[in-house]
Amino acid sequence: MTSWLRTYGSVPLCLVLSSVVVAVCAEASRPGDSVCWSASISSCTECLRRGPQCAWCFEEGFLDGAGVGQRCDLPLNLLRRGCRLEFIEQPEVKVEVNATISSTQVSPQDISITLRPGSEASFIVAVNQLERYPVDLYYLVDVSASMQENLDQLKTVGVALSHRMTEHSSDLRLGFGSFVDKPVSPYINVHPSKINNPCSDYEVRCRPAHGFHHVLSVTGNITEFTRVIKHQRISGNMDTPEGGLDAMLQAVVCQREVGWRPEAKRLLLLMTDQPSHLALDSRLAGIVTPHDGLCHMENNIYTDSTRMDHPSMGQLSDKLLENHIYSIFAVEKQQYQWYEELVGLLPGSYLGKLGLFQAPNLIELVVDAYKRLLSEVAVSVSVEDRAVSRYWVSVSPLCPDGSTAKNQSCSGVQPNQTVYFNITVGLRSCPDAGEDEDVTVVVRPVGYNESTVVRVRSRCRCSCGPTGRCRDDSQSPCSETPERTDHALNRDSDRDSDSDCRADGSDADCSGRGVCECGRCVCEQSRLGTVYGKYCQMDDFSCPYEEGLLCGGRGVCASGECVCGDGWTGDSCGCPVSTATCQSTNGLLCSGRGKCVCGKCVCDDPQHSGNFCEQCPICHSTCQSYWKCVDCHLSHGLTQEEAGHCNQTCAPLVGYIDDVSGPAGEMWSQCVYISNDSCRYRFQTSLASGRTQLHISTRPECASSSRLVGTFLSVCALTVLCGLVVVAVSRLILQKRGWTAGGAAEDGGYHPTGKDLSFIPTTNEKTVTYRRDRPPDHPVEMHIQVPKMPFNDPWQC
């Protein structure tokens with residue numbers, strides 16, 4: 001026996017057993033603290049009915065003085081409040097799979113489940129499609145007069161069908177039975193001359209009407225099957241509907257008479273050209289007894305046809321499932337619509353429409369129906385009638401192609417493929433009496449001769465350990481053990497009662513928060529929480545608050561201290577146990593420079609700062625402090641063999657890399673060192689893990705001498721060119737001003753004022769006027785005429 005145990009309130013559990021292809025899953029809800037507790041709860045049984053997540057503490061002295069309802073809570077809360085684990089009543093949801101029973105098609109075949117009110121459990125049933133099955137095919141034929149031609153076609157079907165089915169079956173066997181209708185009025189003519197020969201008016205010898213006649217048990221002798229068909233005669237009745245469903249149920253349940261093999265796929269072929277009677281139709285004949293679903297055969301004749309009603313569709317469906325039988329309906333096209341609605345109510349059924357009942361058509365119908373029925377895999381889950389209202393079941397299939405079917409079945413399943421059904425069984429409530437009960441649930445794959453039996457046991461009562469004492473309201477404060485009662489009788493009740501309810505040094509009974517009854521404190525109820533203790537000296541609300549919540553909403557208050565939930569710690573449960581919030585991007589805790597305290601980094605060195613101690617402005621700002629170290633490594637050629645010579649002048653963690661010009665990472669700072677030969681060496685610095693690290697680039701950035709000379713000459717040439725441009729622009733400006741002055745004199749409109757100016761009016765004659773200003777009444781002017789002179793003559797004064 002393989003067993004798994006699961007307790008509500010813990011993490012969800014899902015286990016898969018590959019050897020027997022079974023999975024057990026149960027979901028645990030995490031409701032609020034108020035889901036279980038209620039002031040109206042007075043017993044352990046009432047507590048368990050609150051939900052599968054609730055538990056009861058039956059430890060003596062637990063929350064002394066508090067209301068009995070305080071014993072009902074989530075298991076984790078009870079533990080935090082001081083109840084020991086062995087005193088917690090919480091029936092487990094348990095699933096046991098019997099892996100000792102081997103099977104080839106359906107597994108597992110035996111499961112035991114323990115449920116409590118409101119709980120559920122899931123398991124997986126695997127259905128494996130085999131490649132070739134032995135097949136039992138039973139023909140159930142309507143032999144009323146209208147079927148004469150169709151009956152003749154069956155005479156050649158046996159051999160041809162046997163050859164055709166060898167492609168799909170390892171062993172085919174055929175059987176035969178006939179039906180007409182119930183042999184009572186008004187279904188048949190009850191005139192004495194018509195009872196034995198319904199066809200006497202037509203001078204034809206017919207067989208009497210009958211509800212069901214089993215003619216030939218399933219056999220591999222195809223010759224015998226053909227011989228029996230040839231000897232069949234028709235019969236007759238009065239109304240149109242036939243008794244096909246009545247005969248069908250007898251062919252299903254009379255397994256010994258029909259000869260159904262346990263290992264074979266069972267096919268029941270119903271052939272008719274008319275609709276069938278349904279339940280309650282027999283009232284026309286005065287038959288009101290419901291069908292009992294049992295076999296009533298004597299000498300291969302259905303004996304209770306005239307005593308019991310036609311079976312209901314639900315009854316026929318159950319019997320088909322129970323006996324693992326597929327049903328095939330071969331009807332004429334006029335009746336197709338009527339049977340189409342009926343087939344939808346029968347699992348594992350196939351409807352074929354035949355224009356004519358000819359042998360080739362019948363063969364194709366049987367072969368197609370067989371392949372179609374086997375390719376569709378479905379299960380039916382049944383619960384005992386007495387408990388069906390208290391349980392619920394859900395089915396979710398997983399098909400071989402990976403899809404999840406919505407109609408609880410998988411189509412297109414091929415041989416050697418497996419379909420998995422995830423089945424969940426839940427218990428709504430306990431019986432009215434509140435007692436434990438055992439219920440059987442059967443999972444039947446449609447058409448398979450194997451099934452899974454699930455035995456469900458409901459846990460509705462509390463055991464409360466070996467003593468069976470649950471410490472609920474059944475024990476009043478004054479009903480104690482004999483030892484305590486005898487002791488109380490030997491004391492003065494008034495004085496001793498007061499002392500029993502008063503703590504040492506206290507002048508108030510029950511700390512002023514309760515009343516003393518029978519020498520015990522019964523604590524008052526507070527809207528803030530629970531008051532408890534031998535002297536009502538404790539409560540569950542006098543604890544630190546954080547963000548307006550008691551214990552930050554992450555724990556419970558017990559004896560004035562917060563008992564934190566998983567993953568939290570601190571006086572008010574405000575500090576996470578996990579250090580994930582202190583994890584820096586480089587994977588180190590606080591970048592390797594501090595400790596994680598209450599979910600935050602506290603840096604070891606005050607120079608460091610930031611959420612992860614990743615910042616150090618002082619450390620990374622003085623690149624010059626590393627120049628001596630870089631110069632030492634440069635003087636030794638930047639080789640690992642010579643690097644040891646610089647250990648005295650710089651940190652030992654020095655590395656050489658080709659290029660450090662890219663963007664620096666979070667923990668690296670970029671620096672530059674200029675050597676004596678004017679080359680620039682880039683390097684990086686870091687204080688990761690609390691140690692200085694340097695990465696020096698082995699690719700210097702140096703400028704050549706020829707490049708310097710070229711730069712100098714270029715600068716000089718540019719300076720000269722700029723000077724020439726300035727001079728040229730200045731001369732152009734002066735010339736422009738001169739031309740403007742000359743034009744004004746030639747027009748005679750120029751009269752100089754202020755200082756005397758000289759000007760040249762023409763190229764041949766020049767006049768110079770000199771004027772000196774004197775007081776306003778005595779001006780003096782002097783005019784000088786310069787005669788025309790040759791161009792090359794010099795000026796004379």
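Two strands count as paired if DSSP finds at least two bridges between them. The exercises below use this rule on a predicted model.

**Exercise 1. Find which residue is the bridge partner of Val-531 in S29, and place the two strands in their sheet.**

Step 1. Strand S28 covers residues 529-532, and strand S29 covers 538-539.

Step 2. S28 and S29 have two bridges between them and run in the antiparallel sense. Two strands need at least two bridges to pair, so S28 and S29 pair, with two bridges.

Step 3. The bridge partner of Val-531 in S29 is Asp-539.

Step 4. The sheet is open and has three strands, in the order S27-S28-S29, with antiparallel pairing. S27 (525-526) and S29 are the edge strands; each has a single partner strand, so one side of each lacks a neighbour in the sheet.

**Exercise 2. Decide whether strand S11 is largely enclosed or left open by the rest of the structure.**

Step 1. A residue is buried when its relative accessible area is under 20%.

Step 2. On one side of S11, Tyr-133, Val-135, Leu-137, Tyr-139 and Val-141 are buried. On the other side, Pro-134, Asp-136, Tyr-138, Leu-140 and Asp-142 are buried as well. Both faces are therefore covered, and 10 of the 10 residues of S11 (residues 133-142) are buried.

Step 3. Because of this count, S11 is largely enclosed by the rest of the structure.

**Exercise 3. Name the strands that pair with S11 over 10 bridges and over seven bridges.**

Step 1. Strand S12 (residues 169-179) pairs with S11 in the parallel sense over 10 bridges. In this pairing, Tyr-133 stands opposite Ser-169 of S12.

Step 2. Strand S14 (residues 265-272) pairs with S11 over seven bridges, in the parallel sense. Here Val-135 stands opposite Lys-265 of S14.

**Exercise 4. State which residues form the nonpolar patch on the surface, and its accessible area.**

Step 1. The patch consists of Leu-718, Leu-721, Val-725, Val-729 and Ile-733.

Step 2. Together these residues have about 450 Å² of accessible area.

Step 3. One of them, Leu-721, lies in helix H16, which spans residues 705-746.

**Exercise 5. Describe the protein chain as a whole by its helices and strands, its buried share, its contacts and its exposed area.**

Step 1. The protein chain has 16 helices and 43 strands.

Step 2. It has 797 residues, of which 42% count as buried.

Step 3. Of the contacts between residues at least 6 apart in sequence, 62% join residues at least 24 apart.

Step 4. The exposed area of the protein chain is about 42200 Å², with 52% supplied by carbon and sulfur atoms.

Note on methods:
Residues are numbered from 1 along each chain as its sequence is written. This is a predicted model: local features need pLDDT of at least 70, side-chain atom pairs count only at pLDDT 80 or more; totals for chains, interfaces and linings use all residues. Side-chain values use heavy atoms; hydrogens and water are left out. Buried means under 20% relative accessible area, exposed over 50%, partly exposed in between (1.4 Å probe, protein chains only). Helices (H or I, at least four residues) and strands (E, at least two) are DSSP runs, numbered from the N terminus. Patches are made of residues with over 30% relative accessible area and no salt bridge: like charges are joined within 9 Å, nonpolar side chains (Val, Leu, Ile, Met, Phe, Trp, Tyr) within 5 Å. Accessible areas come from the Shrake-Rupley method with a 1.4 Å probe; for residues, only the protein chains shown count as cover. A salt bridge is a side-chain nitrogen of Lys or Arg within 4 Å of a carboxyl oxygen of Asp or Glu. Contact means heavy atoms within 4.5 Å.
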